[in-house]
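Work through the exercises below with the sequence and the model in view. Each task is followed by a solution in steps.

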Amino acid sequence: MTEQESAPQKYTEAVGGAAITGAANDAVLIRDLPEGTHVRVRGGDVVEITANPRDGGWLFVKVLQSSEPSKIGSDDMAFCIDVIEVVKHIDQ
Amino acid sequence: MASLVRSFGDRSLRSLVDLDRGLVSREIYVNEDLYKMELEQVFTRAWLFIGHEAQVPNPGDFVVSRMGEEEVILVRDRKNQLHVFLNTCRHRGMKVCRYDDGNTLVFTCPFHGWSYDTDGRLVGVPYYDAAYKGDLDKSEWGLAEVAQMSNYYGSIWATWDKGAPSFEDYLGPYADTVRRAFQSSGGEDNGVELFNPVYKWRIPCNWKFPGFSFDGDRAHAAMTHRSINVAAIGPQGDAGGGSRAPIRAPFPYTDYEMTVPELGHGGHNAIYEQPGLAEYRDTWFTEPGVDDYYRETREKRREKYKDQYIIGETALIWPNVNIQPHRILLWHPHSVGVTESWRAYPIDRMAPQHVKDSQRRYMMRYGGPCGLTESDDMENWNYASAASFGTVAKRYPYNFMMGAGHAFIDEQQAPGMTLNYEVAEENQRSRLRRWLEFMEAGSWEDIYPVNPVSPSAGEAVKSKSKAKS
């Protein structure tokens with residue numbers, strides 16, 4: 001295997017690692033997201049922020065949409081790197 | 001560890017603290033091994049002052065305090081319950097709180113992100129499902145919480161030892177003194193708040209220099225405080241001789257060194273010769289309007305205590321805190337030769353702002369790191385400590401003989417207390433005695449109910465009874 005051939009695979013691993021460690025520069029910054037904001041988390045669930053401790057690490061959330069119906073309406077916590085998209089903004 | 005130190009060189013602990021002769025080896029103030037033993041034998045075992053509930057009035061409020069060398073967090077959880085937690089993440093030990101005080105929903109460790117609710121539960125673990133795969137039981141990994149906590153009329157105390165007696169039992173005859181110290185000047189229980197922030201600074205001496213001598217060393221005042229005694233820093237300025245203490249109305253009393261040797265607490269305390277309290281005497285001549293407030297509250301307090309004999313307004317509560325109505329003085333061990341000194345200043349919660357400001361200004365010029373009185377004290381504690389570390393210096397014991405053999409009890413006027421002349425070293429010997437008991441004890445069972453004091457030649461206690469007038 002030549003170096004050229006292995007390059008795409010290395011690139012893929014790097015991107016995957018960034019996703020796990022939150023190192024991507026397009027990561028959602030959660031620290032100042034206001035309560036009421038809806039975000040999508042890893043796995044596809046959509047949750048509403050019920051409280052934000054503003055530590056940049058965690059959000060208190062309520063599950064709004066999920067592939068598992070039993071989770072809908074439940075309270076949970078979301079870690080920063082698991083927040084992949086803001087789906088509904090709230091004006092502060 | 002205890003066995004190691006008990007055979008300290010060819011000397012036992014008891015040979016270092018010879019209360020029979022009033023001789024105490026400097027080793028107990030300068031020796032690193034003994035210091036480490038103190039952290040375990042004394043500071044994980046004794047009830048320690050943490051703070052005041054007024055520092056955390058709302059859910060999520062927290063303030064960082066200390067127990068021995070270690071940081072703890074006093075926090076009010078979302079259900080309004082108070083907790084005291086060790087400030088360290090259970091994952092890799094990082095401080096989960098790096099602020100002096102504030103309000104939070106969770107304590108999130110900045111290292112790997114473990115997150116704890118304000119009731120101490122571990123509620124957030126990154127990669128919990130993907131990496132731990134169900135192997136981590138979060139309920140077993142909450143913040144370390146003290147074994148016992150007591151909210152004593154608003155003051156918060158804690159111990160790491162579940163075998164310790166209740167806090168009120170720990171206080172013994174000084175329970176009422178501590179209770180009254182946290183009353184408003186009008187006598188309302190839990191009637192104070194603390195000025196924020198608490199003063200914190202480090203001084204180069206062993207914690208026992210201030211801790212064992214404060215409120216137990218009246219002999220130092222005439223010499224050490226000669227300058228401040230004539231500097232007129234009291235609220236009355238230079239009126240009435242310019243004392244650093246407020247002017248007080250005359251009232252028949254006798255001052256004593258007063259202690260509970262079995263518990264280690266004690267203070268310079270007056271026994272009033274008649275029930276009730278003195279009337280108020282104006283003293284705030286430099287702060288207009290303050291006397292009006294204190295005159296009114298004094299009348300309420302006089303009414304409340306008109307039939308009681310009052311004993312003791314201050315006390316050193318073993319091992320390291322002095323409780324006074326307007327000052328709380330804490331000496332945390334930081335290393336064998338360094339003490340972290342804290343000052344908190346209680347003030348009536350309901351006092352008008354101008355009274356609070358006046359009291360704060362008076363306390364700031366009186367004590368604390370920039371206060372004139374404690375600047376005098378620090379000079380002595382710090383240099384006495386430095387001059388005690390030397391190889392030759394350690395050959396010469398400290399002298400704690402003052403008043404030894406002249407203590408007496410008066411069960412009628414001061415139940416449970418041991419008294420001595422107002423200038424003595426009774427309280428310091430009492431603290432040293434308790435220090436020895438804690439250092440030798442295997443558990444609380446060895447030291448409470450209190451061991452019968454075996455009066456030594458220098459500690460003989462006489463009985464003396466005086467009828468109340």
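**Exercise 1.** State what share of the contacts in chain A with a separation of 6 or more comes from residues 24 or more positions apart, and describe the secondary structure of chain A.

*Solution.* The model is predicted. In chain A, 40% of the contacts with a separation of 6 or more are between residues 24 or more positions apart. Next, count the elements: chain A has 1 helix and 5 strands. Their order along the sequence is α-β-β-β-β-β. Finally, of the 92 residues in chain A, 22% are buried.

**Exercise 2.** Describe the contact of chain A with chain B.

*Solution.* Chain A contributes 8 residues and chain B contributes 9 residues. On the chain B side, strand 8 (106-108) and strand 10 (122-124) each provide at least two of the residues that touch chain A. Sorted by type, the residues on this side of chain B are 4 nonpolar, 5 polar and no charged.

**Exercise 3.** Check the length of helix 11 of chain B, then find where its buried residues lie.

*Solution.* Helix 11 (residues 290-304) of chain B has 15 residues, so at 1.5 Å a residue it should span 21 Å. The C-alpha atoms at its ends are 22 Å apart, which agrees.

The buried residues of this helix are B:Val290, B:Asp291, B:Tyr293, B:Tyr294, B:Thr297, B:Arg298 and B:Arg301. They lie on the same side of helix 11 of chain B because they cover an arc of only 150° around the axis. Helix 12 (353-366) of chain B is among the elements that cover these buried residues. The face of helix 11 turned away from the buried side carries the exposed residues B:Glu296 and B:Glu303.

Key. Residues are numbered from 1 along each chain as its sequence is written. Chains are lettered from A and ligands numbered from 1 in the order in which they are written. This is a predicted model: local features need pLDDT of at least 70, side-chain atom pairs count only at pLDDT 80 or more; totals for chains, interfaces and linings use all residues. Two residues are in contact if their C-beta atoms, placed from the backbone, lie within 7 Å. Helices (H or I, at least four residues) and strands (E, at least two) are DSSP runs, numbered from the N terminus. Ala, Val, Leu, Ile, Met, Phe, Trp, Tyr, Cys and Pro count as nonpolar, Asp, Glu, Lys and Arg as charged, and the others, Gly among them, as polar. A residue is buried if 20 or more other C-beta atoms lie within 10 Å of its own, exposed if 12 or fewer, and partly exposed in between; C-beta atoms are placed from the backbone. The expected span of a helix is 1.5 Å times one less than its number of residues. The arc is that of the directions from the helix axis to the C-beta atoms.
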